[in-house]
4 protein chains.
Amino acid sequence: MFRMGLIGGGGNGFIGRVHVTAATLDREAVLCAGAFSSDAERSRAAAKEFLVANDRAYGSYLEMLGREAQLPEEERIDFVSIATPNHTHAEIAKSALRAGFNVVCDKPMTTLLTDADDLVNEVRRSGKVFAVSHNYSGYPMVRQAREMMLNGDLGELLAVRVSYQQGWMHGMQPDETPERGAWKSDPSKNGRAGSLGDVGTHAFHLMSFITDARPTSLICQMQSYSAHHDLDDYGQALIQLEGNSSGSVTWSQVSHGRLNDLTIEVDGSKAALSWSQETPNQLLVRQLGKPLMTYDRNPGASYTTPAAREACRLPPGHPEAFFEAFANVYRDVFSAMRQSKGCKTESQRDPLFPTVEDGRDGVLFTQRCLESHDNDSEWVAW
Amino acid sequence: MFRMGLIGGGGNGFIGRVHVTAATLDREAVLCAGAFSSDAERSRAAAKEFLVANDRAYGSYLEMLGREAQLPEEERIDFVSIATPNHTHAEIAKSALRAGFNVVCDKPMTTLLTDADDLVNEVRRSGKVFAVSHNYSGYPMVRQAREMMLNGDLGELLAVRVSYQQGWMHGMQPDETPERGAWKSDPSKNGRAGSLGDVGTHAFHLMSFITDARPTSLICQMQSYSAHHDLDDYGQALIQLEGNSSGSVTWSQVSHGRLNDLTIEVDGSKAALSWSQETPNQLLVRQLGKPLMTYDRNPGASYTTPAAREACRLPPGHPEAFFEAFANVYRDVFSAMRQSKGCKTESQRDPLFPTVEDGRDGVLFTQRCLESHDNDSEWVAW
Amino acid sequence: MFRMGLIGGGGNGFIGRVHVTAATLDREAVLCAGAFSSDAERSRAAAKEFLVANDRAYGSYLEMLGREAQLPEEERIDFVSIATPNHTHAEIAKSALRAGFNVVCDKPMTTLLTDADDLVNEVRRSGKVFAVSHNYSGYPMVRQAREMMLNGDLGELLAVRVSYQQGWMHGMQPDETPERGAWKSDPSKNGRAGSLGDVGTHAFHLMSFITDARPTSLICQMQSYSAHHDLDDYGQALIQLEGNSSGSVTWSQVSHGRLNDLTIEVDGSKAALSWSQETPNQLLVRQLGKPLMTYDRNPGASYTTPAAREACRLPPGHPEAFFEAFANVYRDVFSAMRQSKGCKTESQRDPLFPTVEDGRDGVLFTQRCLESHDNDSEWVAW
Amino acid sequence: MFRMGLIGGGGNGFIGRVHVTAATLDREAVLCAGAFSSDAERSRAAAKEFLVANDRAYGSYLEMLGREAQLPEEERIDFVSIATPNHTHAEIAKSALRAGFNVVCDKPMTTLLTDADDLVNEVRRSGKVFAVSHNYSGYPMVRQAREMMLNGDLGELLAVRVSYQQGWMHGMQPDETPERGAWKSDPSKNGRAGSLGDVGTHAFHLMSFITDARPTSLICQMQSYSAHHDLDDYGQALIQLEGNSSGSVTWSQVSHGRLNDLTIEVDGSKAALSWSQETPNQLLVRQLGKPLMTYDRNPGASYTTPAAREACRLPPGHPEAFFEAFANVYRDVFSAMRQSKGCKTESQRDPLFPTVEDGRDGVLFTQRCLESHDNDSEWVAW
């Protein structure tokens, strides 16, 4: 049983709540403390809602880190989850690591590459477990896809296409402050990447997670179609991948009526697959001359790979979804935390969560896209 | 915050775990006690897994009810969830009510109509909250369907067809004891209904929940195709509904490759709809001359009805699934429990969970199906 | 090259045109004559549209049969296609057979069982080719389904469910005469079966065609929901099939927004399949523990059965649809016509079209449904 | 009634047959002559199969053009359809125009831009009807999409993404000659574009047809993954469109298991839509806050636009497919041919078929893609 401290989550956003639900879903963790808001009053109010004791509701993350560090080991929190605006992630994460806590950090990990580099070093120095919540990697069928790629079922990677489409930006008035995440359209808080940072980085991570392919160069074309702000809300990157493979990433928050449509298609030399986040329990597998095969999230099926099987909580046909996938990331974080304490875990496999290096890759992707965009959408080396 | 006591759930079955996850998902309840098994040793072992204190792991439900009732009110459990074999539900539930606890009972509520009648009386006498976990009624789009029917969007009910198909029975050897739910093929424990009780009652409840239509008569044809046992594993009922509407219910556990395919189609005089459990976030709405409309689970959309909206935890496109639907049943149970204590709740609407009367209807449906089957599949009055 | 004579098709209906397009699609036949209407003037007008020579536009089918029979063999028509109101089929068909012509008759073959019996005898006596245009049997994937059933891929038949849903009846005003097929709501012309005859017989034939299973008894429940006429527009039949299999047939023309949704599900002891007319190029095959397999209409795939392969004109992914399926029925009729002249055909297999016996089965199905309905929906022997 | 002469179509390819079936589907044309092969013997053999009189089976297109031109006007062919290897299209088309015949030319129109330019001039000079068979533009729902774009239903164009994926190249051995279209992998006959010419040009045309948007610049990345030949079999183009819109075109013949998956997504400022060739009777329409709407090919629905309605032959739910779409291109060609003779047509709208300018655009697209590819995938101006 791990003790969790949440940083952020006290406002209108839903992501803090998601972190708590995900972390506690399997009864491996309990929320014990929180710096839910930089306003002490609001933090205490949130604590009440989250059923956190009043004396462990802190008015700042620094207060929390300091006070928790002084609690007896069997009381103090084991890890913090960071659900604050993007530009604050790096500083908070470094402080938490230095204070001796494991960290789960929301994505994108930072808005600046230098911060990301620092954080990589800090994590290595600390020996702590550090994860970035690219939660889509927690879906069983995403893990199945990764394992099929890695074990050769798909042959060599030829091409991969990822697309992440939403449409809510059309609902924003030019001068409207969004109900949640107002900082997202403020470059000083969110960096220069708009939808690129918000959804593009998820798409890029999904591509990397499944294919393990690294870029060598890319070009990026971005647009700001919405009148709401000047950051990108539509973009496409063509990516040259190692081994002569082709990648493309498309992101949009101006595609009318799209809700949270993250879709990936992988072409291998032996087989191809596709997956969509809105129907997450199915993975489509295609092979020349064979019928289209729909692999279901099915812990008992012989076609199911180990990490996919372990990511299931329910029999097939009883759908699992967003919360459960998010919880799977936490599950592997907990497994790593146990391993770091020298405990054995049931699973033979290595924990499978987005690392600080993955987080840095996401920031690098953002950076390279912006560079290409600034340079008339010419190619930039990775 | 409510305190939960679980009865059953210590074996290989998954439903006990589901009850706990569902009840605690929103941090409205915590599991405090359990009679996880009739074997005291196993009950304590399960308690450990469930993070329940050793001294509240009981060796029988009677022990639990007795001991918990003597705890101070601010410590004792508020409700029990019953996840034991079907033939034991009635006795346990009655004992729990008499001991002063609210009850959430797995389905089917009982295997005998007389027991069901007793339980209806007992619940009324007790004044306690009693729910049957027909969890599919917790899906937001199922609630949307019900509200659209009730508010007249569909016009008058013409016909309703429900089908619940699984295929796992083909995996059972004739003399094999199933890994979980072995009692399900033992008529002395499960009653005479096989798949009828296991999935048919869910299908019947879904029909009733959405349409509010009551049967006047039915005929039933059942088969036992599998070599595994002699109970029904396939069946169909044609139902004459009040107001001259037609109903049909099909159940199967011998449909190869079907996982948990519960599907309903409702024809109204103004519009029609259909919903499938395996893609639970979508509700299809059809109207002559209009495009097919796919309503998404979308708390912000103007087409979303109140109970559906309240049943959402996440923005649209972030799928919610089985656990969340199950948790929605608990949410409304908790709402009723608060109301029964005189607390106000945020929601204007009445709690919406399957009641003891719904549970009795399910048992009656089973009974009538068996009667028709025994009588050469002739019509029987409801 | 066969010469075709069309009877009917001169009005607003689309089925006459469909017969011509289907018969001529593969350049195996050409329309040479027609009794397009019982009004000679209208028949000649239609002839012009159909590019039929004026002197072969006849004012009645009897005139056509008589005059054509006197033409030299190398000029006279080889077969007639009957696309007239249902109650006229039998008389026309018998006349055509007696005049020495092969016949393709629209469905249902007749409205009375006695007429159907007569026609069976007449066909046998004549030695002519006679087909009923249950065109859905012409879809390649329907033929695939039949062959998979017959060759044992599905194991033994357990259960089969067919449903045929349309919704256009909601668009009819109580006193409105439909633009086409006005006779369909006139029992004196259409018989006592409404939607049962119009779509139910198609559904029944599809079930029979794929499974080859014969009923032993059935019950039928029918309704007339629409204000438009008093014939059934919704109905369901439960069918006991030989060999202890279960069948059900549902038909509706009052299901809002359904267009032409003919869907079949077959449960076998080894595998199950499903097919829908509106996505006709795919056949879903399910087997316990295996991924859902989508068989595409794919003439080159190894999973494709012979009759399915021969029913394809295009490479996979280039969809074929209603006209092509209809044309496949004609293709096999032509094959039978060649065989009856002693010509060899390329195909090794027997022609596969709905015969006069199939047509009679359809009429019998109608009759038995009406009998059950008249008798309080009790069981009737087949 | 128009008389058709076919050039090509005598080999194993299917496209010649498709032209004939499409042109004659509605009985507006009849195949009267053909230069089916450059081998006179094979041409005569093909003529027999196509039911063309022996004396109008020609051994070369020049012979056909010359001899037909000398026939009386009421006997001679009205138009030729060119279904020969790509590198021969231009020369044949020019000759046919000069000989006074209307022309339907397979795509891509030519392999060289200079030839395309010549052909544009020749068509203008001739006053004849000239169409390129980008047959996917004939699907009713594609026409619906175009009309919705043009009439403002989608608002301004933001972005458009087209993808055309096949996978058959994985079935080719390195030294294998394909059963049909062997010339396609011979650059001297097919030009330097492989899959780009074969399917990429279709994708580009679909984008242009629906959006009417013109490129200003593009970059292209191409690969040759298959061992079969050195031409591209995978490629992507990012396109800057006039008015600051974004376009992307992806083509592949190495995507395992894809059959003929041509899919387009259009994002407008008011609504978005998507369409896939393998389910051609449906058009998905999305709008923020509204349910996903599936527009069916439905000639009677109020949402159906005029050109879509005229492109339907059957009631809704009776699917139409590849042949019918192809035939719709011919239908409009015939309409233009009638107009060019001064005949009125029923339709108020202008004929809607891919013109010589569209054909030239396709060749230009190919050229620009090759230029970008040759130049390290840099941007090239349109």
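Which residue of chain B comes closest to the rotation axis (C-alpha)? Of the residues of chain B, that is E378(B), whose C-alpha lies at 3.5 Å from the axis. The model described here is a predicted one.

**Chains B and C**

Two copies of a chain are related by a rotation about an axis and a shift along it. For chain B and chain C, the turn is 180 degrees and the shift along the axis is 0.0 Å, and chain B is then laid on chain C with an RMSD of 0.0 Å. The two copies are therefore related as by a two-fold rotation axis.

The contact between them takes 34 residues from chain B and 34 residues from chain C. On the side of chain B that touches chain C, the elements giving two or more residues are β6 (157-165), β7 (215-223), β8 (234-241), β9 (245-252) and β10 (261-268) of chain B. Among these, β9(B) gives the most, with 4 residues. Because 97% of the interface residues of chain B are also interface residues in chain C, the copies meet through the same surface.

**Chains D and A**

The contact between chain D and chain A takes 34 residues from chain D and 35 residues from chain A. On the side of chain D that touches chain A, at least two residues each are supplied by β6 (157-165), β7 (215-223), β8 (234-241), β9 (245-252) and β10 (261-268) of chain D. The largest share of this side, 4 residues, comes from β9(D).

**The domains of chain A**

Within chain A, the domain assignment gives domain 1 (2-135 + 352-358) and domain 2 (138-313 + 363-373). Each domain is thus listed as two stretches of chain A. The C-alpha centres of domain 1 and domain 2 of chain A lie 26 Å apart. Their contact takes 19 residues from domain 1 of chain A and 19 residues from domain 2 of chain A.

**Residue classes**

The table sets out the classes of residue on three of the contact sides.

| Side | Nonpolar | Polar | Charged |
|---|---|---|---|
| Chain B, touching chain C | 13 residues | 16 residues | 5 residues |
| Chain D, touching chain A | 12 residues | 17 residues | 5 residues |
| Domain 1 of chain A, touching domain 2 of chain A | 8 residues | 9 residues | 2 residues |

Definitions and conventions
Residues numbered from 1 in each chain as written. Chains lettered and ligands numbered in written order. Predicted model: local features only at pLDDT ≥ 70, side-chain atom pairs only at ≥ 80, totals over all residues. Contact = placed C-beta atoms within 7 Å. Nonpolar A, V, L, I, M, F, W, Y, C, P; charged D, E, K, R; others polar. Domains from an automatic or database assignment. Least-squares fit on C-alpha atoms with pLDDT ≥ 70 in both.
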